[in-house]
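User: Please give me a close look at how one helix pair fits together, and then follow the packing outwards from there. I'd be glad of the cut-offs as you go.

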Amino acid sequence: MIKREIPKNIEAEEAVLGSILINQETIYGVSELLDIEDFYRKSHRTIFKVMLDLNTTKKAIDIITLTDYLTHISKLEEVGGIAFITSLANKVPSTANLKHYINIVKEKSMLRNIVHIAEYMENMGYDSESIDTPETVLDKAEQLLSKLTKKLVTTKVNNIKEQTLNAYVDIENIINHKGELLGLETGLQDLDSFLQGLKNSDFMILAARPSMGKTAFALNIASYLSIKKDTPVAFFSLEMSSNQLIHRIFSSYGLIPLFNLKSGNLDDAHTQKLIKVSNKLSQSKLIINDEISNLMSLRSIARKLKRENDIKLIIIDYLQLLEGTRRENRNLEISEISRSLKILAKELDIPIIALSQLSRSVESRQVKKPML
């Protein structure tokens with residue numbers, strides 16, 4: 001097997017560090033686009049960290065201050081001595097091409113990360129003694145790749161000035177669109193008015209006692225968005241099959257009694273309604289998955305659906321049937337699942353609704369009002 005070289009560009013790394021020595025002001029632009037770990041050589045990481053420390057403490061960044069600081073922390077000889085620090089400033093005649101050097105360093109860093117993720121997957125695949133299941137390994141790899149993709153897209157770190165401006169623009173947008181919803185419609189006016197729509201990154205729990213209509217309620221939202229608003233919606237069902245769910249949609253959306261559907265007792269009017277609603281549903285963007293059982297597979301499929309179908313909403317029926325990883329404690333497991341779904345909603349930037357079963361013990365209480 002041919003030994004392949006790890007992606008890196010030492011010259012570009014040195015050019016970036018040399019540019020900072022030539023013009024200290026460039027460190028602001030560099031630190032927005034590069035992290036310490038983006039440098040391949042350990043000595044370059046050390047030097048860049050010292051430069052950041054000097055800048056944080058409002059000290060000058062030049063050959064003298066850099067060598068003095070490295071001497072103070074006993075790292076000067078480790079990075080190559082005074083001769084190497086001096087040579088960095090001579091590597092580049094000006095900072096004109098700094099952006100180009102930064103891009104090269106960033107690109108090589110991304111490629112190295114991809115290689116590391118691939119190596120991780122290979123090692124885990126060959127590790128027969130690992131307690132991790134294939135689903136766990138894939139989930140971890142997907143999380144790493146997702147994090148890497150976000151880093152590629154958003155290289156600039158937001159500061160409070162930008163965040164304040166964004167928040168102000170957000171409120172200004174609300175004022176300019178007063179009366180309009182801030183998120184997806186549910187088709188239920190009172191609920192839309194209260195929630196202002198289903199907003200991106202929101203994780204909502206729809207809870208009720210058994211047999212109180214949670215699934216029907218959630219299906220109404222899913223069918224309204226996917227059929228009437230042409231919005232891609234993913235419905236993960238851990239309790240009912242896709243057939244059962246579609247029968248319910250036929251009933252509610254087509255205004256056909258469910259009993260008639262189950263018994264086959266349909267008159268001509270019902271049959272015409274059934275044909276009409278089935279045609280609409282078959283052309284809709286509703287995606288029903290009734291085969292998942294654990295959190296990891298749900299996250300994996302959700303990411304895939306976001307990439308390929310650009311889903312705008314996820315509904316999960318229901319929370320307590322999902323399997324997490326903390327098998328020793330069910331309460332901790334449910335907490336872990338809820339937290340993971342909130343992170344997923346933020347990662348995909350879409351709302352997620354999870355149905356949840358409330359305890360039947362409410363029926364033995366005098367006050368029947370549900371409690372968390």
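Analyst: Happy to! Let's start where Val16, Ser19 and Ile20 of helix α1 meet Thr26, Ile27 and Val30 of helix α2; contact here means heavy atoms within 4.5 Å. Helices (H or I, at least four residues) and strands (E, at least two) are DSSP runs, numbered from the N terminus. The two helices, α1 (residues 10-22) and α2 (residues 26-33), pack at about 145° with their axes 8 Å apart. By class, their contact has four nonpolar, two polar and no charged residues. Axes are lines fitted to C-alpha atoms, for helices over the stretch in contact, and angles run from 0 to 180 degrees between N-to-C directions. As for the classes, Ala, Val, Leu, Ile, Met, Phe, Trp, Tyr, Cys and Pro count as nonpolar, Asp, Glu, Lys and Arg as charged, and the others, Gly among them, as polar.

A word on the basis: this is a predicted model, in which local features need pLDDT of at least 70 and side-chain atom pairs count only at pLDDT 80 or more, while totals for chains, interfaces and linings use all residues. Residues are numbered from 1 along each chain as its sequence is written, and side-chain values use heavy atoms, leaving out hydrogens and water.

Two residues of that helix contact, Val16 and Val30, are among the five that touch the most other members of the largest nonpolar core, which has 29 residues. Such a core is a set of buried Ala, Val, Leu, Ile, Met, Phe, Trp, Tyr and Cys residues joined through side-chain atoms within 4.5 Å, and buried means under 20% relative accessible area (exposed is over 50%, partly exposed in between; 1.4 Å probe, protein chains only). At least two residues of this core come from each of α1, α2, α3 (42-56), α4 (63-72), α5 (76-79), α6 (81-91) and α7. Helix α1 gives the largest share, six residues. Leaving out residues up to four places away in sequence, Val30 touches Val16, Ile20, Phe48, Leu98 and Ile102.

A second, separate core has 26 residues, including Ala222, Tyr224, Val233 and Leu313. Where does Val233 point? Val233, Phe235 and Ser237 face one way from strand β2, Ala234 and Phe236 face the other way, and all are buried. In general, side chains of a regular strand alternate between the two faces of the sheet. Because five of the five residues of β2 are buried, this strand is largely enclosed by the rest of the structure.

Strand β2 belongs to an open sheet of five strands in the order β1-β5-β4-β2-β3, with parallel pairing; two strands pair if DSSP finds at least two bridges between them. The edge strands, each pairing on one side only, are β1 (203-208) and β3 (286-289). From one strand to the next, the twist averages 20°. Helix α11 (residues 214-228) packs on this sheet, touching β1, β2 (233-237), β3, β4 (313-317) and β5, and its direction makes about 155° with that of β2. Strand β2 pairs with β3 over four bridges and with β4 over five. Phe235 has a bridge partner on either side: Ile288 in β3 and Ile315 in β4.

Finally, β2 also helps to cover the buried residues of helix α12, together with others including α11 and β3. In α12, those buried residues are Leu245, Ile249, Phe250, Ser251 and Gly254.
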